[in-house]
Amino acid sequence: DGITDDSVSFQKLIDRLSDLGGGDIILPSGVTVCNITIPSKVNIVGQGSNVSILKSANGSNKDVIKGKDFDVLTGTPKETPETRGVRNITFRGFSVDGNKQNNSNGYGIRIWGCSWKWEDVIVANCKSGGIWTEFTTHEYPNDDFSAVLEALESNFTRIKTIANDGNGWDWHGVHDSEINDYVTFRNKGWGFNQVKGSVNGYHWNSWLNYHSFNFESYATLDNIIASGEEGI
């Protein structure tokens, strides 16, 4: 109903679906108040950004969507073999509202892992920052079909980060991923802050962020526009 905190019931649904091997959670239109932890193979599919909205509960001071084991994995070096993290998830057609007016911290989405597909997602109004993605590095691919199933790069299309008090997007990987049609607007930090992990893409637009784009590693981009108080 856009008022009741549905975190507990939503998390039970996610955990049950994970126990069954994964699948899709279909969001209704309107606002769902929640702070949830997402595991591998559980997809969240809405009716469209600004139609289906996940909103942080008042006073939760948590991320709206947090990857399973994020606090344990963040900042850790690569393991061999590297099998950790949240893998094979799809986010499509919804918005995330961090409800920063009623929280002292919290990101919109923070996930450590790989093999993701995100499309038509808006992350806005978060106290700590919009998006944080992170991974280590690849294993060398196998010669058999399993290499196709375990391709670690991720694809992001039509993503927006808007009016977050930190950075719009903190990028710590997955390296060699693609981000296309990315818009970042009126964030109080960087619109996109690449800490590590190369990135490829096209059609990026930063406007009225405190800083636009910061690149600390390899980036191959086409048709990129930066305007506002400070540029690239």
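This passage describes the overall fold, the main nonpolar core, one pocket and one buried loop residue of a predicted model.

The overall architecture is a good place to start. The protein chain is built from three helices and 16 strands. Its C-alpha atoms occupy a box of roughly 50 × 50 × 30 Å along the principal axes. The radius of gyration of the protein chain is 17 Å, which agrees with the value near 17 Å that a compact globule of 232 residues would have. Half of the picture lies inside, in the sense that 50% of the 232 residues count as buried. Contacts between distant parts of the sequence are well represented: among contacts with a separation of 6 or more, 54% join residues 24 or more positions apart.

Turning to the interior, the largest nonpolar core comprises 45 residues, and Ile65, Phe91 and Trp118 have the most contacts inside it. Strand E8, spanning residues 107-124, supplies the largest share of this core, with nine residues. Ile65 offers a helpful view of the packing. Beyond the residues up to four places away in sequence, Ile65 touches Ile36, Ile38, Ile44 and Leu54, together with Phe91, Phe94 and Val96. The remaining partners of Ile65 are Gly108, Ile109 and Arg110, and Phe91 thus appears both as a partner of Ile65 and among the core residues with the most contacts.

Attention now moves to the second largest pocket, whose volume is about 200 Å³. Its lining consists of 16 residues, of which Asn35, Ile36, Thr37, Lys62 and Asp63 are the closest to the centre. Helix H1 (7-19) and strand E3 (36-38) are the elements that each give two or more residues to this lining. By class, the lining holds nine polar and five charged residues, along with two nonpolar ones. Ile36 links this part of the account to the preceding one, being a lining residue of the pocket and a contact of Ile65.

Finally, a loop residue deserves a look. Asn167 sits in the loop that joins strand E10 (155-162) to strand E11 (169-172). Is Asn167 buried or exposed? With a relative accessibility of 16%, Asn167 falls under the 20% cut-off and therefore counts as buried. Apart from neighbours within four places in sequence, Asn167 is in contact with Ser128, Gly129 and Gly130, and also with Gly189, Trp190 and Asn193. A further spatial relation involves Asn209: its C-alpha atom lies 8.8 Å from that of Asn167, although 42 residues separate the two in sequence.

Conventions. Residues numbered from 1 in each chain as written. Predicted model: local features only at pLDDT ≥ 70, side-chain atom pairs only at ≥ 80, totals over all residues. Heavy atoms only, no water. Core = buried A, V, L, I, M, F, W, Y, C linked by side-chain atoms within 4.5 Å. Buried < 20%, exposed > 50% of the residue type's maximum accessible area, 1.4 Å probe, protein only. Helix = DSSP H or I, 4+ residues; strand = E, 2+ residues; numbered from the N terminus. Contact = heavy atoms within 4.5 Å. 1 Å grid on protein atoms, 1.4 Å probe; cavity = no way out; pocket = protein on both sides within 12 Å on 5 of 7 lines; lining within 4 Å. Points joined across faces, edges and corners; volume = space filled by probe spheres on them. Nonpolar A, V, L, I, M, F, W, Y, C, P; charged D, E, K, R; others polar. Rg over C-alpha atoms; globule rule 2.2 N^0.38 Å.
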